[in-house]
Amino acid sequence: MKFNCANCGKALQHDERAYIDMPIPPRGMTEIQAYLKLNGAKIYCHDCVQIRSGQPKKA
Ligand SMILES: [Zn+2]
């Protein structure tokens, strides 16, 4: 199965870390490939996703 970043289109290599935007599967993570396809999951590379700090700064 090939994955491309949904934002920049970059091809994601094996072992490359990525972010997946998807609904939580009702029956756990088995058969995840079929689930991703069915639910139109979007995958983003590290360059396109930035995790915010868990501690919100006060403005
Ligand atoms: Zn990207």
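Start by selecting C45. Set aside its neighbours within four places in sequence, and C45 is in contact with C5, C8, K10, L12 and A18. Show those five residues beside C45. This is a predicted model, and the tour below walks through it stop by stop.

**Stop 1: C45 and its surroundings**

Keep C45 selected. C45 belongs to strand β4. Is C45 buried or exposed? C45 is buried, because 21 other C-beta atoms lie within 10 Å and the threshold for burial is 20 or more. Now add F3 to the selection. F3 and C45 are 42 residues apart along the chain. Their C-alpha atoms are separated by 9.7 Å.

**Stop 2: the whole chain**

Zoom out and switch to a cartoon view. How many helices and strands are there? The protein has one helix and four strands. Follow the sequence from its start, and the pattern reads β-β-β-α-β. The radius of gyration is 14 Å, well over the 10 Å that the globule rule gives for 59 residues, so the protein is more spread out than a compact globule. Draw a box along the principal axes. The C-alpha atoms fill roughly 45 × 30 × 20 Å.

Colour by burial next. Buried residues make up 3% of the 59 residues, and C45 is one of the buried residues. Then turn to contacts with a separation of 6 or more. Residues 24 or more positions apart account for 57% of them.

**Stop 3: the loop between β2 and β3**

Select residues 11–12 for β2 and 18–21 for β3. Q13 lies in the loop between these two strands. Q13 counts as exposed because it has 9 C-beta neighbours inside 10 Å, and the limit for exposed is 12 or fewer. Add P26 and draw a line from Q13. These residues are 13 apart along the chain, and their C-alpha atoms are separated by 28 Å.

Stay in this loop and pick D15. D15 also sits between β2 and β3. What is the phi of D15 near? The angle is near 75°, a positive value in a residue other than glycine. D15 counts as exposed, because it has 5 C-beta neighbours inside 10 Å.

**Stop 4: the end of the helix**

Select 32–38 to light up α1. L38 is found in this helix. Is L38 buried or exposed? L38 counts as exposed, because it has 9 C-beta neighbours inside 10 Å. Add M22 to the view. L38 and M22 are 16 residues apart along the chain, with their C-alpha atoms separated by 10 Å.

**Stop 5: from α1 to β4**

Select N39. N39 has its place in the loop between α1 and β4, the strand at 42–45. N39 is exposed, because 11 other C-beta atoms lie within 10 Å. Which residues does N39 contact, leaving aside its neighbours within four places in sequence? The contacts are M22 and P23. Draw the distance from N39 to P23. The two are 16 residues apart in sequence and 7.6 Å apart in space, C-alpha to C-alpha.

**Back to the start**

Move on from N39 to β4, at 42–45. C45 is in this strand. Select C45 again with its contacts C5, C8, K10, L12 and A18, and the tour is back where it began.

Notes:
Residues are numbered from 1 along each chain as its sequence is written. This is a predicted model: local features need pLDDT of at least 70, side-chain atom pairs count only at pLDDT 80 or more; totals for chains, interfaces and linings use all residues. The radius of gyration is taken over C-alpha atoms; the globule rule is 2.2 Å times the number of residues to the power 0.38. Two residues are in contact if their C-beta atoms, placed from the backbone, lie within 7 Å.
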